[in-house]
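Trainee: I am new to this structure. Please take me through one part of it closely, step by step.

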Amino acid sequence: MRKFQKSVLLEICSGLLVIYAALWLGRWLSEISGQLLPASIMGMLALTIALQFRWIRLSWVERTANQFVRWMSLLFVPISIGLVDHIETLLQALPAMLLTCAVATLVLLVVVGKLYQHWEHTSEQKGALKGEAKP
């Protein structure tokens with residue numbers, strides 16, 4: 001039992017080191033890029049690229065990442081409390097936020113609809129060239 005706990009603890013600590021190294025790399029990348037993206041986003045991108053190219057193994061960070069995901073809702077409590085503290089500011093910006101959401105949704109619907117129509121028209125033309133019958 002103790003051997004199991006030691007190996008789990010070692011696995012979690014090594015995962016924390018890898019994730020923290022990715023965050024540190026993200027901070028450095030954010031600084032040299034003139035803070036193009038926040039450091040945490042840069043760190044996640046660096047970790048994703050490292051995992052995708054198999055520079056680091058998934059097993060090194062999997063257990064730690066699963067623990068973070070498991071307790072993620074707890075990590076949002078301080079942010080939620082901070083939002084409640086600034087409720088007046090949020091209420092002042094609410095019309096602009098709602099308008100932005102509505103406009104963004106409409107733009108997204110139009111763009112996706114036009115792309116789908118274009119894709120469907122192109123597929124029909126390719127099918128007609130191959131002599132396929134339309135159902």
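Mentor: What follows is a close look at the largest pocket, then at one threonine and the cysteines. Keep in mind that this is a predicted model.

Start with the pocket. The largest pocket holds about 390 Å³ of space. Its lining is made of 13 residues. Nearest the centre lie Ile-19, Ser-40, Met-44, Leu-47 and Phe-68. Three helices each give two or more residues to this lining: α1 (2–32), α2 (39–52) and α3 (58–70). By type, the lining residues split into 10 nonpolar, two polar and one charged.

Now move to Thr-64. Thr-64 sits in helix α3, one of the elements that line the pocket. Is Thr-64 buried or exposed? Its relative accessibility is 3%. Buried means under 20%, so Thr-64 counts as buried. Next, look at what surrounds Thr-64. Setting aside neighbours within four places in sequence, Thr-64 is in contact with Glu-11, Ile-12, Gly-15, Leu-16 and Ile-19. Ile-19 you have met already, among the residues nearest the pocket centre. With Ile-12 there is also a polar contact: the Thr-64 side chain reaches the backbone oxygen of Ile-12 at 3.0 Å.

Last, the cysteines. How many disulfides are there? The count is zero. A disulfide would need a pair of cysteine sulfur atoms within 2.5 Å. Cys-13 has 38% relative accessibility, so Cys-13 counts as partly exposed. Cys-101 is also partly exposed, at 49%.

Methods:
Residues are numbered from 1 along each chain as its sequence is written. This is a predicted model: local features need pLDDT of at least 70, side-chain atom pairs count only at pLDDT 80 or more; totals for chains, interfaces and linings use all residues. Side-chain values use heavy atoms; hydrogens and water are left out. On a 1 Å grid over the protein atoms alone, a cavity is a set of points where a 1.4 Å probe fits but cannot get out, and a pocket is an open set with protein on both sides within 12 Å along at least five of seven lines; lining residues have an atom within 4 Å of a point. Grid points are joined across faces, edges and corners, and a volume is the space filled by probe spheres set on the points. Helices (H or I, at least four residues) and strands (E, at least two) are DSSP runs, numbered from the N terminus. Ala, Val, Leu, Ile, Met, Phe, Trp, Tyr, Cys and Pro count as nonpolar, Asp, Glu, Lys and Arg as charged, and the others, Gly among them, as polar. Buried means under 20% relative accessible area, exposed over 50%, partly exposed in between (1.4 Å probe, protein chains only). A polar contact is a pair of N or O atoms within 3.5 Å; within protein, one must be able to donate a hydrogen and the other to accept it, and residues adjacent in sequence count only if both atoms are side-chain atoms. Contact means heavy atoms within 4.5 Å.
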